[in-house]
Amino acid sequence: MTARPHRLRRAALLVLLGSLTLSACTSEPGDEAGKGPDPAQAPSGSIAQVCDKAKAGPAEAPAGAVKIDPAVPGDVAAKTRSSPGGTTFWLAPGTHKLGDDRYDQVNPKPGNVYLGAPNAILDGRKINQYAFSGHAADVKIQYLTVQGFAAPHDEGVVNHDSADGWVIEHNTVQDNDGAALMAGARQQVRANCLRRNGQYGMNAYAQSNAIKGLVVEGNEISGNNTGDWERKIDGCGCSGGVKFWSVDGADIRGNWVHDNRGVGLWADTNNNDFLIEGNVIENNDGSALMYETSYNAVVRGNTIRRNNWVDGKGYIDRGDSFPVASIYVSESGGEPRIKARTDKLEISGNSFENNWNGVTLWENSDRFCNSPANTSSGSCTRLVPEQAKCAQPAIASGALNEDCRWKTQRVEIHHNRFALDPAVTGCEESCARMAMLANFGTFPEWSPYKGEVVQQAITFDQDNRFHDNTYSGPWNFVAFEPSRVLGFGEWQGAPYRQDQGSKLTRAGGG
């Protein structure tokens, strides 16, 4: 896989499992069921503490399984080649090695199962680039520690080629270069420890944007991006806990996403139909969640705390007052014409505690399909896939004028709790902000969105609505453009009329 050129503006207890589906994610005003879990009842501890409590695999080889001997280098790859598809392999206790060539990875056959015994480790020794590769579908990898692989930038160690239908569960994938995992369609990633990897815990990207039906549930995703890639490649947008690219349908539930260098969860470029529910997302250097140039999602019942302190302070140190946020919605929103289980971007029933800022709704007036300012280079919207169509004169009016731009629209933010104590965050100004804004359009010269066109749209015309939230702390609100900072009364009053039914208490915090 090659690197994906990209950038945003500067500018992005397993709960409710099984019974909750996204079909119930939206609600009419006044529908108590639409509030999501009471944030006051959010767990005080963290969930999915997988890394220090790894579940052990079978101590003996299951009946019919092929035994893999750690004393024989390359045994797992060789026996995979000589066995038919659908074979179960049991890796005995000990440290397993592959061959001495960087491409001496395991290439599973369809339906293969790889089970790790207690203390079974597959070690790449910083020689091998990949652990499990190829295009075979419906492979299972369970109870195994995978470490020390040297995957290149933007590539992954497990399921390197984004094959479909893999089940990856109860594994520890740690201390690798690149991403611990890649993702394919129908992939299930459950109860894994994904930690201290050089770039991502998982890079959910596949050629031809073919990932559908992805499940990421009950994992601990921590300490990733040890390579500090945003410093190596300025503005690459290529780091963090998990990055999702053009995924159509994903359930992200009950994970503990913490202490990643950069963003915790980042959905970037034409993602659609996400449910992000019941996660604890904390202590990430950047935003807890970025939802960027994407569509139709529900974010509910999450505990989001102490995120964005590093990036937030970095903005202040360089004199930039842009409201970087714990949830950053960038050119994203609900779109009824794109099939999904919801037609909104709904953020509800979440508990926000001592993050640098709250939620920012942003749209870059200069970023649209076929604009040189579109940092998702070569990508167009899901509504107009052909980039060449978004050009003058057709883009100046009608359907193309509407659909060549990713819109922050139909975003509903309600029944959340936002608490911030400046004494805890070390923040004196340009924090404790909620925002809904755009820049003044200037570029390119032929853009039909110059001036205040997008600022007017995101603020007043695109059905973005805050309501019935609770704020504790010195909150301010940014509307229309970055310098327009409002008090709570101004935000609630004309012409903005936001946060009806919400309450603000200045004292206290998280």
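A salt bridge here is a side-chain nitrogen of Lys or Arg within 4 Å of a carboxyl oxygen of Asp or Glu. Keep that in mind for the opening view; everything below comes from a predicted model.

**View 1. R405 reaches E363 in a salt bridge.** The closest N and O atoms of this pair sit 2.2 Å apart, inside the 4 Å cut-off. The two partners come from distant parts of the chain: R405 belongs to the loop between α4 and β30, E363 belongs to strand β29, and 42 residues separate them. Both ends are tucked away, as R405 is buried at 8% relative accessibility and E363 is buried at 0%.

**View 2. R253 and D251 pair up inside a salt-bridge network.** Here the closest N and O atoms are 2.9 Å apart. R253 is buried, with 9% relative accessibility, and D251 is buried too, at 14%. Which other residues join them through shared partners? The network also takes in R190, E217, D273 and R341. Across the whole structure, the salt bridges come to 29.

**View 3. D100 and R125 meet in a salt bridge.** The N to O distance is 3.1 Å. D100 sits in the loop between β3 and β4, while R125 sits in the loop between β5 (120–123) and β6 (140–142), so this pair ties together parts that are 25 residues apart in sequence. Buried or exposed, where does D100 fall? D100 is exposed, at 61% relative accessibility, because anything over 50% counts as exposed. R125 is partly exposed, at 28%.

**View 4. A disulfide joins C390 to C404.** The S to S distance is 2.0 Å. The torsion about the S-S bond is about -85 degrees, so this disulfide is left-handed. C390 is in the loop between β29 and α4, and C404 is in the loop between α4 and β30 (411–414), so the link ties together parts that are 14 residues apart in sequence. Both cysteines are buried: C390 has 0% relative accessibility, and C404 has a relative accessible area of 0% as well.

**View 5. Two more disulfides, C236 to C238 and C427 to C431.** For C236 and C238, the sulfurs are 2.0 Å apart, and the link is left-handed with -75 degrees about the S-S bond. C236 and C238 are both buried. For C427 and C431, the S to S distance is 1.6 Å. The torsion there is about -115 degrees, so that disulfide is left-handed, and both of its cysteines are buried. How many disulfides does the protein hold? The count comes to five, and counting bonded cysteines along the chain gives the pattern 1-2, 3-4, 5-6, 7-8, 9-10.

**View 6. Two prolines follow cis peptide bonds.** The bond from Q392 to P393 is cis, with omega near 5 degrees. P393 lies in the loop between β29 (359–363) and α4 (398–403). The bond from F443 to P444 is cis as well, with omega near -5 degrees. P444 lies in the loop between β32 (433–438) and α6 (453–461). For context, most peptide bonds are trans.

**View 7. A191 and T269 have positive phi.** Neither is a glycine. A191 has phi near 55 degrees and lies in the loop between β12 (188–190) and β13 (193–195). T269 has phi near 80 degrees and lies in the loop between β20 (265–268) and β21 (272–277). T269 is also buried, with a relative accessible area of 1%.

**View 8. Helix α1 packs its buried residues against four strands.** In this helix (residues 75–82), the buried residues are D75, V76, A77 and T80. Which strands do they pack against? Their partners are β1 (66–68), β2 (88–91), β3 (94–97) and β4 (113–116).

**View 9. V158 is one of the best-connected members of the largest nonpolar core.** This core has 103 residues, and F132, V158, M202, L214, F244 and F274 touch the most other members. Strand β32 gives the core its largest share, five residues. Leaving out residues up to four places away in sequence, V158 touches F132, I141, V146, W166, I168, V173, A180, L181 and M182.

How values were computed. Residues numbered from 1 in each chain as written. Predicted model: local features only at pLDDT ≥ 70, side-chain atom pairs only at ≥ 80, totals over all residues. Heavy atoms only, no water. Helix = DSSP H or I, 4+ residues; strand = E, 2+ residues; numbered from the N terminus. Buried < 20%, exposed > 50% of the residue type's maximum accessible area, 1.4 Å probe, protein only. Contact = heavy atoms within 4.5 Å. Core = buried A, V, L, I, M, F, W, Y, C linked by side-chain atoms within 4.5 Å. Disulfide = S-S within 2.5 Å.
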